[in-house]
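Colleague: I would like to learn to read helices and sheets from a model. Where do we start?

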Amino acid sequence: MLYELFDNVHANSAELKQSFEYLKNDHYTKGPHKFRFRSYSTGKWIKNQMHWSQAVKPFFQPDSINVYLGGVERNYPALEAACKEFIQSTVSQLVNLELVPKGDYDVAGHQIRVAAKQGEEVSPTPEGYHQDGFDFLAISSINNHNISGATTKLRELATQEEIYSNALQANTTLVLDDRALEHFVSPFSPLSDGRAFRDVVIITMQKRQA
Ligand SMILES: [Fe+2]
């Protein structure tokens, strides 16, 4: 499996949608306008069950992986229950439908809103094409509100060939092999007057050694 797109509308609750309104500013984004809002938790998927870590560990990526914020320990508020439930359900689907190999995983969940103001263009992936540094990655679109742009693109690491280019629709999840592919989301701006935002949940999965 290089990548797979699937529907998970049933896992996406009204509480989850609403919880994006309460996310806190991501103070690590650069520039005067804070356009990203974020929560983060980690856990383990063992014997088909999710075990969330109580302590919130900082999120860290090395320079080699993230040229934008590599080498920075980032502290974010923990995920709320609705988001944790969504992640559990999505990981269960991924493992049980064998979209990822069966087994135990270290899991991290990121709940992210990227917002744009009138006349503004924002970039969901300011670091450009990148890998997250795990075995698998699932990007779930929860809500797209009044946005123009934000095309998700995948290319093969080995050949640099683009193999996917589409705007993710709400209630769909794109799962991908983070070892073989790089991903990127193009900038977006408001489609018309008023608020504009893109709400996603990103799950990273790293196979645990037996
Ligand atoms: Fe990423």
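Modeller: Start with a length check on a helix. This is a predicted model. Helix 2 covers residues 81-96, 16 residues in total, and at 1.5 Å a residue it should span 22 Å. Its end C-alpha atoms lie 22 Å apart, so the two values agree.

Colleague: Which residues of helix 2 are buried?

Modeller: Count neighbours: a residue is buried if 20 or more other C-beta atoms lie within 10 Å of its own. In helix 2 that gives Cys83, Phe86, Ile87, Thr90, Val91 and Leu94. Viewed down the helix axis, these buried residues fall within an arc of 130°, so they line one face. Ala81 and Asn96, on the other side of helix 2, are exposed.

Colleague: What follows helix 2?

Modeller: Glu98, with a positive phi near 55°.

Colleague: Now sheets. What is the strand order in the open sheet of three strands?

Modeller: The order is 9-8-11, with antiparallel pairing. Strand 9 (162-167) and strand 11 (181-185) are the edges, each pairing on one side only. From one strand to the next, the twist averages 15°. Strand 8 (residues 151-156) joins strand 11 over five bridges. There, Leu154 stands opposite His183.

Colleague: And what of strand 10? Which strands pair with it?

Modeller: Strand 1 (residues 3-7) pairs with strand 10 (residues 172-177) in the antiparallel sense, over five bridges. Asp7 has Thr172 as its bridge partner. Strand 6 (residues 136-145) also runs antiparallel to strand 10, joined by six bridges. Here Ser140 stands opposite Thr173.

Colleague: Where do side chains point in a regular strand?

Modeller: They alternate between the two faces of the sheet.

Key:
Residues are numbered from 1 along each chain as its sequence is written. This is a predicted model: local features need pLDDT of at least 70, side-chain atom pairs count only at pLDDT 80 or more; totals for chains, interfaces and linings use all residues. Two strands pair if DSSP finds at least two bridges between them. Helices (H or I, at least four residues) and strands (E, at least two) are DSSP runs, numbered from the N terminus. Axes are lines fitted to C-alpha atoms, for helices over the stretch in contact, and angles run from 0 to 180 degrees between N-to-C directions. The expected span of a helix is 1.5 Å times one less than its number of residues. A residue is buried if 20 or more other C-beta atoms lie within 10 Å of its own, exposed if 12 or fewer, and partly exposed in between; C-beta atoms are placed from the backbone. The arc is that of the directions from the helix axis to the C-beta atoms.
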